[in-house]
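Visitor: Hi, I'm new to this one. Could you walk me through it?

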Amino acid sequence: MGKISAAITAVGKYVPDYVLTNKELETMVDTNDEWITTRTGIKERRILKEEGRGTSFMAIKAAEDLLQKRGIKPTEIDLIIVGTATPDLQVAATAAYVASEIGATNAFAFDLEAACSSFLYGMSTASSYVESGRYKKVLLIGADKMSSILDYTDRTTCIIFGDGAGAALFEPNEEGLGFQDEYLRSDGIGRNFLKIDAGGSILPASEETVKNKQHYVFQDGKTVFKYAVSNMAEVSAKIMERNNLEEKDVDWLVPHQANKRIIDATASRMGVGPSKVMMNIQKYGNTTSATLPLLLADYENQLKKGDNLVFAAFGGGFTWGSIFLKWAYNS
């Protein structure tokens, strides 16, 4: 029996039907299509409009898409991890509800919160569970309803984010495919520059916090951009160096979709050309925890068994990192 590694064996996705275009945003805030496109690369984003539907709704849809494609029963799943910055409820784990709703009655489930790095950190967690030998099928979902925490009169944030969900199934592999290496980092200074002030244990919700719009995302754009550019590029170059990867060895860069300029800077530092960079920010904006799995779902048909994928992400906290993974199947 060979060494067990954790490989992705299926992916799934869900994005809401409603498309919020730059043109529509022009009617809501003082901005325009050219400004948004030039600075972010975003043309449109999806918004979950239906009342009473939250992050779990999209996570369930993405999970069902994956299960149908993989041809397995939900009862075969051992563990479900939901990476999210927008759980349905405080205290009650969104993942537990998702597991019950899809019929994964043999799975335990928990949420993982690391802002935009949630899915990346979740990849490390899911792989560790599989490689331990204790679990065979771990379902990792990245899902966020960012529209629920956005102030649509704040042009610095409302133009960036969208809603969506993606999922990946991790299973044991003995061919040397799947998870290879990781380099994960964090720095608590980040809580000053990307946060929601109220609703947590420091500043509980009150009439005053609602009036002051303190339950919406605040972002110091310039500072976050500076940290994201330098750190995403650094960890991606580091993972290549540690694994003796040259540009020609990298088949795909799978970068968090925060800003096209950040993605371009990361690819440039790695020496990876545009044809090897996964990108869908123009369609979905920044879906936070969902960006990486949505990329995998959108590019699945182009992926070949044995392809070398380098993942990179940066999120609030700050949290960031890079993962090297070998793709395990042909679509």
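Guide: Sure, one term up front: buried means under 20% relative accessible area, exposed over 50%, and partly exposed in between (1.4 Å probe, protein chains only). This is a predicted model, where local features need pLDDT of at least 70, side-chain atom pairs count only at pLDDT 80 or more, and totals for chains, interfaces and linings use all residues. Residues are numbered from 1 along each chain as its sequence is written, and side-chain values use heavy atoms, leaving out hydrogens and water.

Visitor: How many salt bridges are there in the whole structure?

Guide: A search turns up 17. A salt bridge here is a side-chain nitrogen of Lys or Arg within 4 Å of a carboxyl oxygen of Asp or Glu.

Visitor: Cool, what does glutamate 175 pair with?

Guide: Lysine 305, with the closest N and O atoms 3.1 Å apart. Glutamate 175 is in the loop between β7 (163-173) and β8 (178-186) and lysine 305 in the loop between α10 (291-299) and β12 (308-315), so the pair ties together parts 130 residues apart in sequence. Helices (H or I, at least four residues) and strands (E, at least two) are DSSP runs, numbered from the N terminus.

Visitor: Is lysine 305 buried, exposed or partly exposed?

Guide: Partly exposed, at 40% relative accessibility, while glutamate 175 is exposed at 53%.

Visitor: Switching topic: what about lysine 276, buried or exposed?

Guide: Lysine 276 is buried, at 18%. Its salt-bridge partner is glutamate 247, with the closest N and O atoms 3.2 Å apart, and glutamate 247 is partly exposed at 31%.
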